[in-house]
Amino acid sequence: MTPTRWALVALVALGILLTVAAIALVPWRLPRPSRADQAAALADVPAGVASRGRALRAALRPSSYGSLLVGLVVPLLLGFTPAGARIVAWVGQPFGGHWLAEALVGGLVILAMLWLVALPFSAWRHTVLRDHGLSSQDWGGWAADQLKGGAVGAVIGAVVLGGFYTLTHFAPGWWWAFGAVGAAALVVLLSFVFPVLVEPVFNTFTPMPAGPLRDELLTMAARDGLAVRDVLVADASRRTTGLNAYVSGLGRTRRIVVYDTLLREAPPGEVRSVVAHELGHAKDRDTELGALLGAIGAAAAVVALYLLGEWGALLGRAGVSSIGSPNAIGLALAAAAVAGLVGGPLQNLVSRRVEARADQHALGLTGDSAVFAAMQLRLAELNITDVHPPRIEYLLFATHPDTVERLATARGPSGSS
Ligand SMILES: [Zn+2]
C-alpha cells in the first residue's frame, strides 16, 4: 500500500477511536434540567443581575464575532490565495530560502500576523470589561499580558513549526505518521505540564494560611480520595475581579488554587462549593479525558492535513507544490481555521457535559444545594454573566452550562425543592 492509502486507513481508524471514546467516556446520560425547571430557576435570578449580564454580553458581541471573523478570514486569505506562500518566500530570502528558515521565521511571521489582527478585538474587549468594572488591569498590565501570551505562543509555535517541517522535510511520504504521534504527545504535554510551567508567568501563588477553611478544603479532598499537596492563593485580583478556583497537577504535585478574589468576595461555604466542583474534575479525571480526546483529535488533524495535500487544485490556489513545504503554512492554518469552526462547538458541547458532572459532584460532596445556588448567583452577579444566553451563542461559545441550568440542577427536578 502507498503512504496515502495508509494515511486514509489511519484517519478512518482515528475517527472511529475518537467517536467511541467520546460516546463511552463523556457523561451524556447525566440528566439535564427540564425547560420548566429552568423557567422556575430563572425566576430566582434578580432582574438586575439578568439585565446586567445581558447588557455586558451585548457590549462584548462585536468583539466576540469580530475576533471569530478575522480568525477565519485572515487564515483563509493567507491559505486559499498565494499570499501566504509569498510572505514565507519573502521572509526566507535573506536566508537563501533555506527550508528551516522559511519554516521558523516565515511561520512565526505568519503567526505574528494572526496575533496582531486579533489584538484590536482583544483591546476592544478589555475596554468593555474595564467599563463594566470587571477588569482591574490598566493598559500597561494588559499590554504586558498580551506580550507574555505572545511570547509563550511564539515558543510553542517555534517548537511545533521546527518539529513539523523537519518531519515533512526528511520523511515526505510518512511525516503524517510521525506528526500524528508528535501532535498527540504535544496535547498531552500541554494538558499536564504546561499549566504548572505557565501559571507562574501570569500569577504569584502563596500558601493559604492555616485555619478552618484550609482544613475543610483538605478534608473534602480526602473524602474524594484525592491526595493534595497544598492549598494556594493566586493573586488574580491584579487583573480581574472575577472569581475562580481550580485544581492543577497530578498525583503528588496536585494542588488546589483559589483566587484571592474568591476569598474576598464569597463566604467560606461558597468557597467550599467552588472547590468541591473543581475536586469533581480531578476525581473524574476530566483533564485526562480532555487530553485523550484532544490527542486523538490532533493526530487525526495531522493525517487529514496530509490527505488534503493530495488535492491538486487546492495546492494550485495556494501557489504551493506540496502541503508539507513551509510555504504552505498559510494553507495549513486555513484548514485548521475551518476545522476549528466545526471542532470548537463540539469541544464546547463535551465541556458542558463534563462541567455538569462536576456540578453534580459538588452538590453531592457538600450536600448543600442552597449554598451551591447562592454561589451560582454570586458568580453571575460578580462576573456579570448572561444567565441564559441566546441558543446560538450558547452553542458557539459556552464551555459551561448557563447559570439558569446550574440553578435548576441545584433545585433538583420540580417538586423536590
Ligand atoms: Zn469546572
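Okay, let's start with strands β2 and β4. β2 covers residues 230–234, and the two strands pair in the parallel sense over five bridges. If you want a spot to look at, find D230 in β2: the bridge partner of D230 in β4 is R255. One thing to keep in mind throughout is that this is a predicted model.

Now, who sits on the other side of β4? That's β3, residues 245–248, and here the pairing with β4 is antiparallel, over four bridges. A245 is the residue standing opposite V258 in β4. The two strands make a hairpin with six residues between them, and in that hairpin G249 takes a positive phi near 85°.

Let's add β1. Three bridges join β1 to β2, and those two run antiparallel. On your screen you can find P207 standing opposite L232 in β2.

Put that together and you get an open sheet of four strands, in the order β1-β2-β4-β3, with mixed pairing. β1, which is 205–207, and β3 stand at the edges with a single partner strand each, so one side of each has no neighbour in the sheet. If you ignore direction, neighbouring strands are turned by 30° against each other on average.

So is β4 buried or exposed? β4 runs over residues 255–259, and five of the five are buried, so the strand is largely enclosed by the rest of the structure. R255, V257 and Y259 point one way, I256 and V258 point the other way, and all are buried.

Okay, on to the metal. Which protein residues hold donors for the zinc ion? They are H277 and H281, each through NE2, and E355 through OE, and they lie 1.9 to 2.1 Å from the ion. Along the chain, the spacing of the donors reads H-x3-H-x73-E. H277 and E355 link distant parts of the chain: H277 is in helix α10, residues 268–283, E355 is in helix α13, residues 329–366, and they are 78 residues apart.

What about their surroundings? The cut-off for buried is under 20% relative accessible area. H277 comes out at 6%, so H277 counts as buried. E355 is at 10%, so E355 counts as buried too.

Helix α13 comes up again when we look at the empty space. Have a look at the second largest pocket, which holds about 290 Å³ of space. Its lining has 17 residues, and R32, Q38, R353, Y394 and E405 are the ones nearest the centre. The elements giving two or more residues to that lining are α13, α15 (391–397) and α16 (403–411). The largest share is from α13, with six residues. By type, the lining divides into seven nonpolar, three polar and seven charged residues.

Last stop, the cavity. How many cavities of 30 Å³ or more are there? The count comes to one, with a volume of about 50 Å³. Lining this cavity you'll find G269, R272, S273, T366, D368, V371 and F372. Two elements give two or more residues here, α10 and α14 (369–382). α10 gives the most, with three residues, and remember that α10 is also the helix that holds H277. The lining residues divide into two nonpolar, three polar and two charged.

That's the tour, so go ahead and turn the model around yourselves.

Conventions
Residues are numbered from 1 along each chain as its sequence is written. This is a predicted model: local features need pLDDT of at least 70, side-chain atom pairs count only at pLDDT 80 or more; totals for chains, interfaces and linings use all residues. Side-chain values use heavy atoms; hydrogens and water are left out. Donors are N, O and S atoms within 2.8 Å of the metal (3.2 Å for Na, K and Ca); water is not among the atoms, so sites may look incomplete. Buried means under 20% relative accessible area, exposed over 50%, partly exposed in between (1.4 Å probe, protein chains only). Two strands pair if DSSP finds at least two bridges between them. On a 1 Å grid over the protein atoms alone, a cavity is a set of points where a 1.4 Å probe fits but cannot get out, and a pocket is an open set with protein on both sides within 12 Å along at least five of seven lines; lining residues have an atom within 4 Å of a point. Grid points are joined across faces, edges and corners, and a volume is the space filled by probe spheres set on the points. Ala, Val, Leu, Ile, Met, Phe, Trp, Tyr, Cys and Pro count as nonpolar, Asp, Glu, Lys and Arg as charged, and the others, Gly among them, as polar. Axes are lines fitted to C-alpha atoms, for helices over the stretch in contact, and angles run from 0 to 180 degrees between N-to-C directions.
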